[in-house]
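Colleague: Take me through one part of this model up close, please. Start at the surface, work your way in, and give me the cut-offs as you go.

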Amino acid sequence: MEVRMVLLTVIRVAVVLCVAGYALVLDANSVLAQEKKLTVIGRVEKVWIRDAKVVLRAKIDTGAHTTSLGVENIETFKRGNRDWVRFSFLNGAGASVTLERRLVQFKPLKKTNVPGTEIRPVILLKLCVADIYRLTQVNLARRSKLNYPILIGRRFLFAKAVVNVAQQYTSEPH
């Protein structure tokens, strides 16, 4: 019985230390963000796609390297001697928007829920999240069954933002 009480006490102390440590990590991240002039954003934000003049709900995905936009009707074609992509996606009101962009590359991507890889076209788009404005690589994916039409990856966030997963919609893109 005495050993059990000691073990329970040790577990309680460990839980308290873990919770306190978590609070210290959150506070340290906030201080780090202020020192390095990083923007603190939430796990869900609004993104402005400048080229389309559209604002969409975006999931901030630090596990993804590249930003991914959910599109329909992907069509590759030649313009001059360069490869281009024509694609459409739904704006926040549900209307279809069509864009044409020069193809940067086709990139094989591993999907987490399906074995194998998927080859996706990659383009450049000008995006804005909060006060972060960047020209970034975006892969085009069929994302119609997912909750967010765009995922913002690490490449866009690098050296500009820190993500607080307890927050969402921290500011409007500008």
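Modeller: Leucine 135 is exposed, with a relative accessible area of 53%; here buried means under 20%, exposed over 50% and partly exposed in between, using a 1.4 Å probe and protein chains only. Keep in mind that this is a predicted model, where local features need pLDDT of at least 70 and side-chain atom pairs count only at pLDDT 80 or more, while totals for chains, interfaces and linings use all residues. Residues are numbered from 1 along each chain as its sequence is written, and side-chain values use heavy atoms, with hydrogens and water left out.

Leucine 135 sits in strand S10, residues 132-141. Helices (DSSP H or I, at least four residues) and strands (E, at least two) are numbered from the N terminus. Together with Val104 and Leu124, Leu135 makes a nonpolar surface patch of about 230 Å². For a patch, residues need over 30% relative accessible area and no salt bridge; nonpolar side chains (Val, Leu, Ile, Met, Phe, Trp, Tyr) are joined within 5 Å, and like charges within 9 Å. The areas are Shrake-Rupley values with a 1.4 Å probe, and for residues only the protein chains shown count as cover. A salt bridge is a Lys or Arg side-chain nitrogen within 4 Å of an Asp or Glu carboxyl oxygen.

Valine 104, from that patch, is partly exposed at 34% relative accessible area, so it passes the over 30% cut-off. You'll find Val104 in the loop between S7 and strand S8 (105-110). Its C-alpha is 9.6 Å from that of valine 85, which is 19 residues away along the chain.

Valine 85 takes us into a sheet: it is the bridge partner, in S6, of threonine 76. This open sheet has three strands in the order S5-S6-S7, with antiparallel pairing; strands count as paired if DSSP finds at least two bridges between them. S5 (72-79) and S7 (96-102) are the edge strands, each pairing on one side only. Neighbouring strands are turned by 20° on average, direction ignored, with axes fitted to C-alpha atoms (for helices over the stretch in contact) and angles running from 0 to 180 degrees between N-to-C directions.

On one side of the sheet, S5 and S6 are joined by six bridges. These two strands form a hairpin with two residues between them, and glycine 80 in the turn has a positive phi of about 70°. On the other side, S6 (residues 82-90) pairs with S7 over seven bridges. Arginine 86 has glutamate 100 as its bridge partner in S7, while phenylalanine 87 stands opposite leucine 99. The S6-S7 hairpin has five residues between its strands, and there glycine 94 takes a positive phi near 90°.

Leucine 90, also in S6, counts as partly exposed at 40% relative accessibility. Its C-alpha lies 9.0 Å from that of leucine 56, 34 residues apart along the chain.

Phe87 also leads to the inside: along with Leu69, Phe89, Leu127 and Ile152, it touches the most other members of the largest nonpolar core, which has 29 residues. Such a core is a set of buried Ala, Val, Leu, Ile, Met, Phe, Trp, Tyr and Cys residues joined through side-chain atoms within 4.5 Å. Elements giving two or more residues to it include S6, S7, S10 and helix H2 (154-157). Across the 174 residues of the chain, 33% count as buried.
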